[in-house]
Amino acid sequence: MSGGVFVFKVNPYRPGAGLMPTYLAGREEDILDVEQLFEALSYNMPVQSVIFSGLRGVGKTVLINRLQKIAEEKEIFCRHIEVEERDDFISQIASCAQAFLRKVSTKEKFKHLVQKPLEAIKSLVVSFDPGNQTFSLSMQERELYKSGNLTQSLTEVFTTIGETAEETKTPICFFVDEIQYMNSKELGSLIAALHRTNQLGYPVMIVGAGLPKIYRMLSEEKSYSERLFLYKEIDSLPEEQARRAIEIPAQQFGVSYTEAAVARIISITKGYPFFIQQICQVVYKNMEGNLIELNHVEESIREFYELLDVGFFRVRYERCAQSDKKFIFAMVKCGELPCTIANVAKNMHKSVSSISTTRAQLINKGIIYPVRYRELDFTVPEFDGFIRRLEEYRHWSAEDRL
């Protein structure tokens, strides 16, 4: 309040799931590489698809959203798909393909190209039931869609829309987020469909993103996936880029940071983009004046962790069953991450084989991922710190020492 008038303070930092920051730091090279692929695609040339992988909070969704905007500016037909655990990828891809056909059919001279891919989409939707992963066809449909095979049906959709894309000079790019939630059947079919479409020279590509385990998922499904995709790992920001992510958003409002304040933020966040946005938002909200100093950062740390614990960590923790939580506690007790599954089993006083089901469940839920042979880590940076702050963990740890 100033003289009885409310003064609104614009905060330039935007923590949130997939929210575009006012300044996107450290991804220029990745953007340029994919932009060159878009350039080739816009000339109706087939290109490699791209897969980004990384932990939660590194900005994968932000990056693919920025890339989608760039692709749309090049008049590439784009659609965003977020895969969820409820197995709805097939219906989403069918909907995206239909949207493409609606777009090209608005021009009279292209209407005749739509029927063939429409039939392929109908085959896909009728033949595949995402609820129980089965195909249910009537006798008449069985004759029309006798393949009854997800890979063949999805390949038919991709190749027919690819052919239409080539003839109408309207290239296609699907942006697929959270790929790790795709089941094996869907993922294998998608890889095969994209592979065949590329072989035929059609301008269709995918830009995907997911947790680190997606590399193994892709290679296990199809050995040729390594040649089909350009893999890019997204990590925390190096020091200079982290500094830019901190300082540049505030500069537009005439606010600057001291060296000590910047160094402390980088130390706390370890360069993870989401953490930078979150702590800077808190610091900026709490300070007055136009210079952010070390004491402003120190005074905001508690609020920063409280926000992370409630809005970032706990939502993932609460998805875990009690057996999952004990597994997580045992990982944290190892002290240093990644940890071996043998040490986890030791901390749980169980055999490795007896905890393998829980391990698989946590991987499927996207809570942990295999780093190297028989080693595990959390998909969420600093998740072990959150666990240590939990009274439930401290109680478990105390009981375990008795």
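In this predicted model, helix α11 (residues 259–269) packs against helix α12 (residues 273–286) at an angle of about 130 degrees. Their axes lie 9 Å apart. That angle makes α11 oblique to α12, because roughly antiparallel applies only to angles over 145 degrees and roughly perpendicular to those from 65 to 115. The crossing of α11 past α12 is right-handed. On the α11 side, the contact is formed by I265, I268 and T269. On the α12 side, the partners are F275, I276, I279 and C280. By class, this contact of α11 with α12 holds six nonpolar residues and one polar residue. Charged residues are absent from the contact of α11 with α12.

Helix α12 also packs against helix α10 (residues 239–251). Here the angle is about 35 degrees, and the axes are 11 Å apart. α10, too, passes α12 in a right-handed crossing. From α10, the residues in contact are A242, A245, I246 and A250. They meet I276, Q277, C280 and Y284 of α12. The contact of α10 with α12 comprises seven nonpolar residues, one polar residue and no charged residues. Two residues of α12 recur: I276 and C280 are among those that meet α11, and both also appear in the contact with α10.

Aromatic rings form a further set of contacts. The count comes to 22 aromatic pairs. In one pair, the ring centres of F77 and F100 are 5.4 Å apart. Their planes stand at 65 degrees, so the pair is edge-to-face. F77 belongs to strand β2 (residues 77–82), and F100 to helix α3 (residues 89–104). The pair therefore ties together parts that are 23 residues apart in sequence. F77 is buried, with a relative accessible area of 4%. F100 also counts as buried, at 0% relative accessibility.

A second pair joins F158 and F174, with ring centres 6.0 Å apart. Their planes are at 65 degrees, so this pair is edge-to-face. F158 sits in helix α6 (residues 150–168), whereas F174 sits in strand β3 (residues 172–177). This pair therefore links parts that are 16 residues apart in sequence. Both F158 and F174 are buried.

Ring pairs also build a cluster. Its members are Y272, F274, F275, F304, Y305, F312, F313, Y317, F378, F383 and F386. One of these, F275, is a residue of α12 that takes part in the contact with α11.

Helix α6 also holds T160. T160 has a relative accessible area of 3%, so it is buried, the cut-off being under 20%. Residues up to four places away in sequence aside, T160 touches K116, P117 and A120.

Y215 lies in helix α8 (residues 214–221). At 24% relative accessibility, Y215 counts as partly exposed, because that class runs between the cut-offs of 20% and 50%. Beyond its neighbours within four places in sequence, Y215 is in contact with I51, S53, Y231, K232 and E233. Y215 is 89 residues from F304 in sequence. In space, Y215 and F304 are 33 Å apart, C-alpha to C-alpha. F304 is one of the residues in the ring cluster.

How values were computed: Residues numbered from 1 in each chain as written. Predicted model: local features only at pLDDT ≥ 70, side-chain atom pairs only at ≥ 80, totals over all residues. Heavy atoms only, no water. Axes fitted to C-alpha atoms, helices over the stretch in contact; angles between N-to-C directions. Helix = DSSP H or I, 4+ residues; strand = E, 2+ residues; numbered from the N terminus. Parallel < 35°, antiparallel > 145°, perpendicular 65-115°, else oblique. Left-handed = near helix turned anticlockwise from the far one by under 90°. Contact = heavy atoms within 4.5 Å. Nonpolar A, V, L, I, M, F, W, Y, C, P; charged D, E, K, R; others polar. Phe/Tyr/Trp six-rings, centres within 6.5 Å; stacked < 30°, edge-to-face > 60°. Buried < 20%, exposed > 50% of the residue type's maximum accessible area, 1.4 Å probe, protein only.
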